[in-house]
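Here is a friendly walk through one protein chain, from its charged pairs to its rings, strands and surface. Have the sequence and the 3D view at hand as you read.

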Amino acid sequence: MKVLRRLVDELGKTVIIVLHDVNFASVYSDYIVALKDGKIVKKGKTEEIINNGVLKEVYDMDIQIHDIDQCRICLYFN
């Protein structure tokens with residue numbers, strides 16, 4: 001993920017990747033497209049998607065969000 005992020009930052013490349021871990025998406029993405037049941041639920045900049053309302057809509061559960069080392073980390077196993 002760090003190499004892919006560096007491709008974007010240093011070489012100006014566009015990288016599209018499918019992730020199933022919201023925290024990887026939160027930390028490494030500039031833009032997120034959230035799918036549910038094969039359909040787009042939300043799309044936007046990472047800071048727009050990693051918020052309680054959107055995550056509740058996508059996952060049907062309340063997810064706590066913590067700022068750790070300038071990253072928004074979702075705690076969904078508590």
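Does Asp-60 count as buried or exposed? Asp-60 counts as exposed, at 56% relative accessibility. Here buried means under 20% relative accessible area, exposed over 50%, and partly exposed in between, with a 1.4 Å probe and protein chains only.

## About the model

Please keep in mind that this is a predicted model, in which local features need pLDDT of at least 70 and side-chain atom pairs count only at pLDDT 80 or more, while totals for chains, interfaces and linings use all residues. Residues are numbered from 1 along each chain as its sequence is written, and side-chain values use heavy atoms, with hydrogens and water left out.

## Lys-36 and its partners

Let us stay with Asp-60 for a moment. Its side chain meets that of Lys-36 in a salt bridge, 2.7 Å from N to O. The term stands for a side-chain nitrogen of Lys or Arg within 4 Å of a carboxyl oxygen of Asp or Glu. Lys-36 lies in strand 1 and Asp-60 in the loop between helix 4 and strand 3, so this pair ties together parts that are 24 residues apart in sequence. Helices (H or I, at least four residues) and strands (E, at least two) are DSSP runs, numbered from the N terminus. Unlike exposed Asp-60, Lys-36 counts as partly exposed, at 25% relative accessibility.

Lys-36 also has a neighbour in helix 4 (residues 52-59), where Glu-57 is found. Leaving aside residues up to four places away in sequence, Glu-57 touches Lys-36, Val-41 and Lys-42; contact means heavy atoms within 4.5 Å. The C-alpha atoms of Glu-57 and Lys-36 are separated by 9.2 Å, and the two residues are 21 apart along the chain. Glu-57 is partly exposed, with a relative accessible area of 37%.

## A salt-bridge network around Arg-5

Side chains of opposite charge can pair when their charged atoms come close. A search of the whole structure finds seven salt bridges, and some of them join up: Arg-5, Asp-9 and Asp-30 are linked in a network. Within helix 1, Arg-5 and Asp-9 are four residues apart, and so separated by about one helical turn. Their side chains meet at 2.8 Å, N to O. The two ends of this bridge have opposite settings: Arg-5 is buried, with a relative accessible area of 18%, whereas Asp-9 is exposed, at 53%.

Arg-5 forms a salt bridge with Asp-30 too, with the closest N and O atoms 3.0 Å apart. Arg-5 lies in helix 1 and Asp-30 in the loop between helix 2 and strand 1 (31-36), so the pair ties together parts that are 25 residues apart in sequence. Asp-30 counts as partly exposed, at 48% relative accessibility.

## Two aromatic pairs

How many aromatic pairs does a search of the whole structure find? It finds two. Rings of Phe, Tyr and Trp (its six-membered ring) pair if their centres lie within 6.5 Å; planes under 30 degrees apart count as stacked, over 60 as edge-to-face and the rest as tilted. Phe-24 and Tyr-28 form a stacked pair, 6.2 Å centre to centre with 20° between the planes. Both lie in helix 2, four residues apart, about one turn of the helix. Phe-24 is partly exposed at 39% relative accessibility, and Tyr-28 is partly exposed at 22%.

Tyr-76 and Phe-77 make a tilted pair, with 4.7 Å centre to centre and 55° between the planes. Tyr-76 counts as partly exposed, at 26% relative accessibility, while Phe-77 counts as exposed, at 76%.

## The hairpin of strands 3 and 4

Strand 3 (residues 64-68) pairs with strand 4 (residues 71-75) in the antiparallel sense, over five bridges. Two strands pair if DSSP finds at least two bridges between them. Looking across from Gln-64, you will find its bridge partner, Leu-75, in strand 4. The two strands form a hairpin with two residues between them, and Asp-69 in the turn has a positive phi of about 50°.

## A nonpolar surface patch

Phe-24 returns on the surface: together with Met-1, Val-3, Leu-7, Leu-11, Val-15, Ile-17 and Leu-19, Phe-24 makes a nonpolar patch of about 620 Å². Patches are made of residues with over 30% relative accessible area and no salt bridge; like charges are joined within 9 Å, and nonpolar side chains (Val, Leu, Ile, Met, Phe, Trp, Tyr) within 5 Å. Accessible areas come from the Shrake-Rupley method with a 1.4 Å probe, and for residues only the protein chains shown count as cover. Helix 1 (residues 2-11) gives the most to the patch, with three residues. Leu-19 is found in the loop between helix 1 and helix 2 (22-28).
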